[in-house]
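Visitor: I have a model open and would like to learn to read it. Where do we start?

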Amino acid sequence: MEATRRRAQPSANGKSPEQVDQAAQWGRAWEVDWFSLLSVIGLLCFAPFIVFYFVMACDQYQCSISQPLVELYRGETTLLSIWTRAPSFTWTAAKIYAIWVGFQVFLYMCVPDITHKFIPGYVGGVQDGARTPAGLINKYEINGLQCWLITHALWFLNAKYFHWFSPTIVFDNWIPLMWCTNILGYAVSTFAFIKAYLFPTNAEDCKFTGNVFYNYMMGIEFNPRIGEWFDFKLFFNGRPGIVAWTLINLSYMAKQEELYGHVTNSMILVNVLQGIYVLDFFWNEAWYLKTIDICHDHFGWYLGWGDCVWLPYLYTLQGLYLVYQPVQLSDTQALAVLALGLVGYYIFRSTNHQKDLFRRTEGSCSIWGQKPSYIECSYRSSDGGLHRSKLLTSGFWGVARHLNYTGDLMGSLAYCAACGFGHLLPYFYIVYMTILLVHRCVRDEHRCSSKYGKDWSRYTDAVPYRLIPGVF
Ligand code: NDP
């Protein structure tokens, strides 16, 4: 494998590349081992087919994920016949998608946030991101909540008064739309990849591993932008992905009503619990600037294609399932699912809030009614600068090192459980989230360990468990 490479340019403060390389090795990997490389190639090849498989299982096999495999095994069907039965690309879907993405770009770029001026407690408008590995602090226009509100207000006005399009439009074009989302996902990832070589936004925040597949998948540029404000990470994760999430669910709900004349309590639960999660994301969009996606991940296929295709198709699988398999839960079951979802959300939100409050106030706050305890630590950015930070060891952060992930997993399980136990398909989400968050936890800890060195070991000694105290 080609040696690890980095652009040999003098840094902003005039340090040589060698000095800079010694200064900071935190951030995503510089060198790719064979396992990571094989995983990356596997994902690049198979992830689009996983999405296709789940959607086809619903469309052609009433959401059974084993039936297509059984039929293929018995020779009763072929991959080609599944492929040819799948609705293909349509220009109607392309128009819908182009209008959708164009509208979200317009809202993101041209409608500065005003909601923070009249919604008490909401942090919007221009906000600072976290320090990048090169020591930069980017500015972001936080207007996601406003975009979400405008988009959903228009959706409801259309459904009630305007009738420009049917509320089932998303479901009715779901498979043709999949081709459009893939085109955008691949286009944006490829553009970001080429841009990193030709005109990076900030060359010092680029990482080249020397392996083209890894670079393409995990990204080279840290915060690619077009112009001063069009930030790829913030836009693609939040707008075509997460704003769409609740609209897709609403479209599924409308389809259930159209097909069966009523909406099941399971569909309402999925809409409500996922709606809370989405609204929480936009309410806390400024906080999102401090999460791993923005602070550590580079922008490649993993985020670009993932936000355009994986997120809207697989995060909404429960609603899709309930269109094909309408499940009416008993009151007790529904209450149990609601309780699990709300408790999970509470742990998720409170844990994230505690860290945010602690970091914002630099420890001058109260956690669970007491002065927080913490570990002082230091790290270097790639310009050689020494920075100080603090790791919280009280509140939820004293119980386990990633209780926010635990809460997220409880919420995810609630979405799946809302679909009953008739099929495995809706449970894909909890399996995926468990893999995602456990992997994320390990990769984050690896990064924190290289960033903070022995200070991180002091932290893991003080808080020994990751997700479940006493277990893991
Ligand atoms: P965290 O919010 O847990 O951020 C981890 C970072 O926080 C670390 O890299 C470190 O960064 C800092 N940190 C770690 N421990 C401490 C501590 N004790 N005190 C203070 N700071 C600490 O992780 P994510 O960004 O991954 O996740 C944010 C939320 O988003 C989570 O709730 C997660 O569940 C959710 N999420 C949801 C996904 C989904 O697809 N639904 C996907 C990914 C995340 P630093 O360098 O600043 O020290």
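Visitor: How do the residues of the shell around the ligand divide into nonpolar, polar and charged?

Guide: Keep in mind that this model is predicted. To read a shell, sort its residues by class. Here the shell holds 14 nonpolar, five polar and seven charged residues. In total, 26 residues surround the ligand. The closest are Tyr405, Asp408, Asp444, Lys451 and Tyr452.

Visitor: Which polar side-chain atoms lie by the oxygen and nitrogen atoms of the ligand?

Guide: Look for pairs of N or O atoms within 3.5 Å. Aspartate 444 has a polar side-chain atom 2.5 Å from a ligand oxygen. For asparagine 352, a side-chain N or O atom sits 2.9 Å from an oxygen atom of the ligand. Tyrosine 277 places a polar side-chain atom 2.9 Å from a ligand nitrogen.

Visitor: How much of the ligand's accessible area does the protein cover?

Guide: Compare the ligand on its own with the ligand in place. On its own it has 910 Å² of accessible area, and the protein covers 92% of that.

Visitor: Which elements give two or more residues to the shell?

Guide: Helix H17 (331-360), strand S6 (386-392), helix H19 (403-417) and H20 do. H20 gives the most, seven residues.

Visitor: Why should H20 span 36 Å?

Guide: Helix length follows from residue count. H20 runs over residues 428-452, which is 25 residues, so at 1.5 Å a residue it should span 36 Å. Its end C-alpha atoms are 35 Å apart, which agrees. After H20 comes glycine 453, with a positive phi near 60 degrees.

Visitor: Now the empty space. How many cavities of 30 Å³ or more are there?

Guide: Five. Take the second largest, with about 90 Å³ of space. Its lining includes Tyr277 and Asp408. You have met both: Tyr277 has a polar atom by the ligand nitrogen, and Asp408 is among the closest residues to the ligand. Helix H12 (265-283), H17 and H19 each give two or more residues to this lining. By class it has six nonpolar, four polar and one charged.

Visitor: And pockets? What is the volume of the second largest one?

Guide: About 590 Å³. Of its 25 lining residues, Ile96, Trp100, Trp155, Phe165 and Leu247 are closest to the centre. The lining divides into 20 nonpolar, four polar and one charged.

Visitor: Which helix supplies the largest share of that lining?

Guide: H5, with seven residues. Other helices that supply at least two include H7 (144-162), H9 (174-198) and H11 (232-260).

Definitions and conventions. Residues numbered from 1 in each chain as written. Predicted model: local features only at pLDDT ≥ 70, side-chain atom pairs only at ≥ 80, totals over all residues. Heavy atoms only, no water. 1 Å grid on protein atoms, 1.4 Å probe; cavity = no way out; pocket = protein on both sides within 12 Å on 5 of 7 lines; lining within 4 Å. Points joined across faces, edges and corners; volume = space filled by probe spheres on them. Helix = DSSP H or I, 4+ residues; strand = E, 2+ residues; numbered from the N terminus. Nonpolar A, V, L, I, M, F, W, Y, C, P; charged D, E, K, R; others polar. Expected span 1.5 Å × (residues − 1). Near = heavy atom within 4 Å. Polar contact = N/O pair within 3.5 Å; in protein donor to acceptor, adjacent residues only side chain to side chain. Areas by Shrake-Rupley, 256 points an atom, 1.4 Å probe, with all protein chains shown as cover.
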